Amino acid sequence: MANPCGVPLLAVSNLETYYGPIAALKGISFEVRAGQVVTLLGSNGAGKTTTLRTLSGLLVPRQGKVSLNGVAIGTGEPARTARRGIAHVPEGREVFPLLSVRENLMLGACARASRSGSTEDLERVLDDFPRLRERLNQPAAYLSGGEQQMLAIGRALMGRPTILLLDEPSLGLSPKLVTEIFGIIERLNRERAMTVLLVEQNASVALEIAHFGYVLELGRVALAGTREQLRESEDIRDFYLGAKDVMAREGRRWKRRKIWR
Ligand SMILES: Nc1ncnc2c1ncn2[C@@H]1O[C@H](COP(=O)(O)OP(=O)(O)OP(=O)(O)O)[C@@H](O)[C@H]1O
Ligand SMILES: [Mg+2]
């Protein structure tokens, strides 16, 4: 899905979002090219969820511009934003527990103006997530955390989105399930050219599949780069990558302490 004009699919410019008097986003800018997986990394409270909620229209920014395919889109209108093709899979999944898996999935088709073709879409989603096919008529409440994450992503896909916004899909899942979910996201991107904006605290898994990433700190973009640049960055390694790197950092500190003494 190459973009001949070089216009990013999603362009975010100088976004400022407040909760009352408190600025959660202090002028962030970034872009997502069609067919890319772009990750927003950052620790607790950095502003990742606020960014996604602003993009999907759930929060109204005080300043800034969001463009989809070069066209500025209004903010604060979630239903309209969904119809434009921005699908948000929220932190904590938010599936409807008492509705069946099938009903949850079919609700995703409501994001589109017309529901024609939704039976074929359902089949495609069930091919992507075979575990959901097995549980199709059960209430969503009976699914495990990982299966609920699959259901939330599947529901978003039912709206035939242009871009998927995923908020911490790894949250609370076992390493095995994280690998499975990220494998599916990677396949959706590779085989279907699905564009993904992936929010994660788990930088090591996010940088396995992302082409580009931005690091948020206290509502600002502190660092940006390709997957390779971010993986090689000392700051990222020190603060966001796995235990092995933390141990390496502690080792370096310990060595320094020895020298000072
Ligand atoms: N509903 C709210 N009311 C007031 N402040 C909020 C609200 N939601 C978030 N904040 C504040 O906004 C800032 C950004 O929060 P946000 O949820 O976007 O962070 P995050 O990067 O998603 O963090 P986490 O990794 O913990 O999910 C934080 O300081 C947070 O306390
Ligand atoms: Mg969050």
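Which residues coordinate the magnesium ion (ligand 2)? Select the ion in this predicted model: T49 (OG1) and E91 (OE) coordinate the magnesium, at 2.0 to 2.8 Å. T49 sits in helix 1 (residues 48–55), while E91 belongs to the loop between strand 6 (86–89) and helix 3 (101–108), so the pair links parts of the chain that are 42 residues apart. Colour both residues by accessibility. T49 has 23% relative accessibility and therefore counts as partly exposed; E91, at 34%, also counts as partly exposed because the band runs from 20% to 50%.

Next, show the open sheet. Its 6 strands follow the order 6-7-8-3-9-10, with mixed pairing. Strand 6 and strand 10 (220–226) form the edges, each pairing on one side only. From one strand to the next, the twist averages 15°. Zoom in on strand 9 (residues 212–217), which runs antiparallel to strand 10 and is joined to it by 6 bridges. There, L216 has V221 of strand 10 as its bridge partner.

Now add helix 6 (residues 145–157). This helix packs on the sheet, where it touches strand 6 and strand 7 (163–167). The direction of helix 6 makes about 170° with that of strand 6.

Then select the largest nonpolar core, which has 45 residues; L105, I153 and L164 touch the most other members. Helix 7 (residues 175–192) gives the largest share, 7 residues. Domain 1 (1–85 + 162–261) and domain 2 (92–160) each supply at least three residues. Centre on L164: its contacts beyond four places in sequence include V89, I153, L157 and M194.

Finally, select L25, L40, L52 and L68. They are among the 23 residues of another core, which lies apart from the largest one.

Notes. Residues are numbered from 1 along each chain as its sequence is written. Chains are lettered from A and ligands numbered from 1 in the order in which they are written. This is a predicted model: local features need pLDDT of at least 70, side-chain atom pairs count only at pLDDT 80 or more; totals for chains, interfaces and linings use all residues. Side-chain values use heavy atoms; hydrogens and water are left out. A nonpolar core is a set of buried Ala, Val, Leu, Ile, Met, Phe, Trp, Tyr and Cys residues joined through side-chain atoms within 4.5 Å. Buried means under 20% relative accessible area, exposed over 50%, partly exposed in between (1.4 Å probe, protein chains only). Helices (H or I, at least four residues) and strands (E, at least two) are DSSP runs, numbered from the N terminus. Domain bounds come from an automatic or database domain assignment. Contact means heavy atoms within 4.5 Å. Donors are N, O and S atoms within 2.8 Å of the metal (3.2 Å for Na, K and Ca); water is not among the atoms, so sites may look incomplete. Two strands pair if DSSP finds at least two bridges between them. Axes are lines fitted to C-alpha atoms, for helices over the stretch in contact, and angles run from 0 to 180 degrees between N-to-C directions.
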